[in-house]
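Visitor: Hi! I have this one open on my screen and would like a tour. Could you walk me through it?

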Amino acid sequence: MSNSALSVISSDPPEKWQEILADLITDPKELTEILQLNSNRGSDSLLAQAGLDRFSLKVPRPFARRMQRGNWDDPLLRQVWPSQLEDEVDLSLSEDPLQESSFNQAQGLLQKYRGRVLLTAAPHCAVNCRYCFRRHFDYAANTPGKQQWQETLGQIGRDSSISEVILSGGDPLAAGDNYLKWLLTQIDTLRQITTIRIHTRLPVVIPQRITSSLCQTLASLNSKLVIVIHCNHGQEIDSSVQLAMQKLRATGATLMNQSVLLKGINNDAAILVSLSHKLFDMNVMPYYLHLPDRVAGTGHFLVDEQEGLDLITEIRALLPGYLVPRLVREDPGSDSKTRLG
Ligand SMILES: *Cc1c(COP(=O)(O)O)cnc(C)c1O
Ligand code: SF4
């Protein structure tokens with residue numbers, strides 16, 4: 001990241017995360033203006049129509065500030081730009097490649113693996129990542145109110161085989177502090193639950209989200225706490241993200257990162273090596289590197305398995321073992337994610 005970009009961030013007045021969330025960039029034209037992007041560029045700069053109708057543009061301004069001006073190939077921009085390539089029909093891609101709808105037993109609850117359940121704790125994210133495997137997920141039908149949560153939590157509480165509850169999304173940290181405090185405390189009081197895990201991209205895209213009131217709630221939990229952030233490229237990390245991770249670490253949480261391996265964004269050994277170092281500098285351990293799921297509208301991001309394996313071999317020679325993420329793929333019906341290589 002350039003010094004000029006850093007100085008832009010540090011000279012900003014402190015912002016409230018709710019205001020940032022209420023003021024996302026949603027108009028592609030505004031984004032191209034902010035980034036001073038020239039319109040005569042190839043087809044991948046043209047806008048998707050169908051893709052955009054079904055999954056809107058959503059970019060938090062603090063994230064956009066880390067994008068390079070005038071660069072259509074910027075790796076952060078490419079993650080959020082609704083390119084015309086999304087509209088290409090590929091019949092080998094599906095809206096629900098992981099068959100999640102069949103694992104959706106109660107409102108807000110997905111259980112695919114033994115011992116751990118996933119709760120869709122918030123109906124939306126702060127950013128719309130174009131490669132998202134849940135871009136077609138029916139969040140509206142999976143956003144329980146308090147009473148429905150109590151039923152779902154009751155169901156978890158009666159299943160002694162479950163010891164870990166994972167809050168996922170949407171992005172759970174897109175929900176407000178009071179609601180999260182309520183939900184986390186309810187989960188924390190379930191006797192057999194020893195670990196609460198939060199999967200979130202907010203500390204990266206809106207680091208201002210990591211408020212002291214949230215950190216107080218997190219620090220007060222009796223369960224072990226694991227926070228898995230989602231960062232795909234070192235350029236996403238700046239001093240504000242480092243500060244957010246420092247605050248999360250101070251709650252006693254174990255910090256990890258998962259990335260998605262994306263064509264034209266991070267399918268390069270030097271980029272992955274640099275990302276691992278930057279994460280470790282913030283005490284974040286690389287966890288998973290996901291091969292993209294075969295989701296309709298995301299074909300232009302797909303990296304094949306052999307390329308993934310070659311990249312892992314390459315980075316293994318350049319990093320200590322503990323900084324090499326586990327390359328995984330998700331196979332419907334499998335009892336865990338599938339480890340490759
Ligand atoms: C990925 C995932 C988990 C967590 O799996 P880990 O391998 O423990 O990280 C749990 N539930 C669902 C539905 C998942 O997709
Ligand atoms: S933050 Fe995660 S769940 Fe939300 S759009 Fe991005 S990839 Fe999808």
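Guide: Happy to. One bit of vocabulary before we start: Ala, Val, Leu, Ile, Met, Phe, Trp, Tyr, Cys and Pro count as nonpolar, Asp, Glu, Lys and Arg as charged, and the others, Gly among them, as polar. Keep in mind too that this is a predicted model.

Visitor: Got it. So how many nonpolar, polar and charged residues are in the shell around ligand 1?

Guide: The shell around ligand 1 has five nonpolar and five charged residues, with no polar ones. By name they are K112, Y113, R116, L118, I166, R197, Y287, Y288, E330 and K337.

Visitor: Which side chains put a polar atom by an oxygen of ligand 1?

Guide: Among them is R116, with a polar side-chain atom 2.6 Å from an oxygen atom of ligand 1. For Y287 the corresponding distance is 2.7 Å, and for R197 it is 2.8 Å.

Visitor: And how much of ligand 1 does the protein bury?

Guide: The protein buries 93% of the 380 Å² that ligand 1 exposes when taken alone.

Visitor: Which elements give two or more residues to that shell?

Guide: Those are strand 1, strand 2 (116-120) and strand 7 (285-290).

Visitor: Now the other one. What surrounds ligand 2?

Guide: Around ligand 2 you find C125, V127, C129, C132, R201 and H230. That shell splits into four nonpolar residues, one polar and one charged.

Visitor: Let's switch to the sheet. What order do the strands take?

Guide: It is an open sheet of nine strands in the order 1-2-3-4-5-6-7-8-9, and the pairing is mixed. Strand 1 (109-113) and strand 9 (338-339) each have a single partner strand, so one side of each has no neighbour in the sheet.

Visitor: Remind me, what holds paired strands together in general?

Guide: Strands of a sheet pair through backbone hydrogen bonds, in either a parallel or an antiparallel sense.

Visitor: Does strand 5 run parallel or antiparallel to strand 4?

Guide: Strand 4 (residues 195-200) and strand 5 (residues 224-230) run parallel and are joined by six bridges. Within that pairing, R197 stands opposite V226, and H199 stands opposite V228. R197 also belongs to the shell around ligand 1.

Visitor: What about the pairing of strand 5 with strand 6?

Guide: Strand 5 and strand 6 pair in the parallel sense too, over five bridges. There, I227 has L255 as its bridge partner. Strand 5 is mostly covered, with six of its seven residues buried.

Visitor: Is S259 in strand 6 buried or exposed?

Guide: S259, found in strand 6 (residues 254-260), has a relative accessible area of 5%, under the 20% cut-off, so S259 is buried. Beyond four places in sequence, the contacts of S259 are C231, N232, N266, L275, Y288, L289 and H290.

Visitor: Where does Y131 sit?

Guide: Y131 is in the loop between strand 2 and helix 7 (146-157). At 7% relative accessibility, Y131 counts as buried. Leaving out residues up to four places away, Y131 touches Q79, R201, H230, N232, V260, L262, T298 and F301. Two of those, R201 and H230, are also around ligand 2.

Visitor: How far apart are the C-alpha atoms of Y131 and L302?

Guide: They are separated by 8.9 Å, although Y131 and L302 are 171 residues apart along the chain.

Visitor: Last one: what does S276 contact?

Guide: Outside its neighbours within four places in sequence, S276 contacts P286, L319, L323 and P325. S276 lies in helix 12 (residues 269-281), and at 2% relative accessibility S276 counts as buried.

Conventions:
Residues numbered from 1 in each chain as written. Chains lettered and ligands numbered in written order. Predicted model: local features only at pLDDT ≥ 70, side-chain atom pairs only at ≥ 80, totals over all residues. Heavy atoms only, no water. Near = heavy atom within 4 Å. Pairing = 2+ DSSP bridges. Helix = DSSP H or I, 4+ residues; strand = E, 2+ residues; numbered from the N terminus. Buried < 20%, exposed > 50% of the residue type's maximum accessible area, 1.4 Å probe, protein only. Contact = heavy atoms within 4.5 Å. Polar contact = N/O pair within 3.5 Å; in protein donor to acceptor, adjacent residues only side chain to side chain. Areas by Shrake-Rupley, 256 points an atom, 1.4 Å probe, with all protein chains shown as cover.
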